[in-house]
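Welcome, and please open the structure in your viewer. We will go from stop to stop, selecting a few residues each time and looking at what surrounds them.

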Amino acid sequence: ITLTLTSSGGSCGTTTATKAITVNTNPSVSGVNDATVSYGGTISFNATVTNCSGSTTNTLIDQDFSSVDAGKISTTSSDNPYQIDNNVNCNDAETWNIRTSSSESSCSGCSSNRADIDFGDSSCDQDATAVLGSFVPSASTITIKFNYGFNWYESGDKFKVTLYNETTSSVTHTLIDPTADCNNCSYSGSKSVTAGDSYTLRFQYVGDYGYGASFDNVLVTETV
């Protein structure tokens, strides 16, 4: 008698099965590992299998800003998101804000709440970085996606997105760094990381009486 145990699924785990078989004829004993069973009795077989043949997708960041209050993004580093505000001669409206529309950039992939920054007074020099995370991957590769718009005005304007390693205090990858308008744009890419290190995504806008940028629907995943 053979007990076949089949395990299926996308993640590692243990599956156990028990099968009871009724003995309808007198069994014979052929070895030291055989068991004597009376006619009409049952034999129970137990088996366990560990399945690691599939994979699981873990979500590390899923930020559409729907649960983030409108207004200036916090500058407190323990908040998620927060921003690093290096602006000079600017007010709160000229930093990264959560708004329901893009003020000076076109982002058709953005919907409802999104992170947005636009120009203000001509004396305002903008340099503000929105930070999302942190997260600690288990895999050596992650997938990053987001929608964005950038309205370039002149040389020196910048909308730069980086994957930042908080453990080593260094930029691991630069995801985008356009030098011209990028209206209704999106990013999708896979990047190598060090499993167990802590990471953030950083969205930096630099402008001197420029236009602005916005982004939304940030998704970071890994497959393990």
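A residue is called buried under 20% relative accessible area, exposed over 50%, and partly exposed in between, using a 1.4 Å probe and protein chains only. What you see is a predicted model, in which local features need pLDDT of at least 70 and side-chain atom pairs count only at pLDDT 80 or more, while totals for chains, interfaces and linings use all residues. Residues are numbered from 1 along each chain as its sequence is written, and side-chain values use heavy atoms, with hydrogens and water left out.

**Stop 1: Ser-188**

Select Ser-188 to begin. Its relative accessible area is 53%, so Ser-188 is exposed. Ser-188 belongs to strand β12, residues 182-192; strands (E, at least two residues) and helices (H or I, at least four) are DSSP runs, numbered from the N terminus. Now add Ile-144: it is 44 residues from Ser-188 along the chain, yet the two C-alpha atoms are separated by 5.6 Å. Leaving out residues up to four places away in sequence, Ser-188 touches Ile-144 and Lys-145, where contact means heavy atoms within 4.5 Å.

**Stop 2: the open sheet**

Next, show the strands as a cartoon. Look for an open sheet of 5 strands in the order β5-β8-β13-β10-β11, with antiparallel pairing; two strands pair if DSSP finds at least two bridges between them. Which strands stand at the edges? They are β5 (82-85) and β11 (170-176); each has a single partner strand, so one side of each is left without a neighbour in the sheet. On average, neighbouring strands of this sheet are turned by 25° against each other, direction ignored. For that angle, axes are lines fitted to C-alpha atoms (for helices, over the stretch in contact), and angles run from 0 to 180 degrees between N-to-C directions.

Zoom in on β13, residues 199-208, which is joined to β10 by 8 bridges, the two running antiparallel. With β8, β13 shares 10 bridges, again antiparallel. Thr-129 stands opposite Gln-204 in β13. Of the 10 residues in β13, 8 are buried.

**Stop 3: Thr-162 and Arg-202**

Select Thr-162 in β10, residues 158-165. Is Thr-162 buried or exposed? Its relative accessibility is 8%, so Thr-162 counts as buried. Across from Thr-162, in β13, stands Arg-202. Among the residues that Thr-162 touches beyond four places in sequence are Val-171, His-173 and Leu-201.

Keep Arg-202 selected and add Tyr-164. Arg-202 lies over the face of Tyr-164, at 3.9 Å from the ring centre. A charge sits over a ring if NZ of Lys or CZ of Arg is within 6 Å of the ring centre and within 35 degrees of the ring normal.

**Stop 4: the aromatic pairs**

Now colour the aromatic residues. Rings of Phe, Tyr and Trp (its six-membered ring) pair if their centres lie within 6.5 Å; planes under 30 degrees apart count as stacked, over 60 as edge-to-face and the rest as tilted. By this rule there are 13 aromatic pairs. Start with Trp-96 and Phe-215: the ring centres are 5.2 Å apart and the planes stand at 75°, so the pair is edge-to-face. Trp-96 is in the loop between β5 and β6 (97-99), while Phe-215 is in strand β14 (residues 212-223), 119 residues apart. Trp-96 and Phe-215 are both buried.

Then pick Phe-146 and Phe-203, whose ring centres are 5.3 Å apart with planes at 75°, so this pair is edge-to-face. Phe-146 comes from strand β9 (residues 141-151) and Phe-203 from β13, so the pair ties together parts 57 residues apart in sequence. Relative accessible area is 2% for Phe-146 and 0% for Phe-203.

**Stop 5: the nonpolar core**

Finally, look at the largest nonpolar core, where a core is a set of buried Ala, Val, Leu, Ile, Met, Phe, Trp, Tyr and Cys residues joined through side-chain atoms within 4.5 Å. It has 34 residues, of which Trp-96, Phe-146, Phe-159, Phe-203 and Phe-215 touch the most other members. The largest share, 5 residues, comes from β9.

End on Val-218 in β14, which is buried at 0% relative accessibility. Its contacts beyond four places in sequence include Ile-61, Leu-132, Phe-146 and Phe-203. The C-alpha atoms of Val-218 and Lys-145 are separated by 5.7 Å, although the two are 73 residues apart along the chain.
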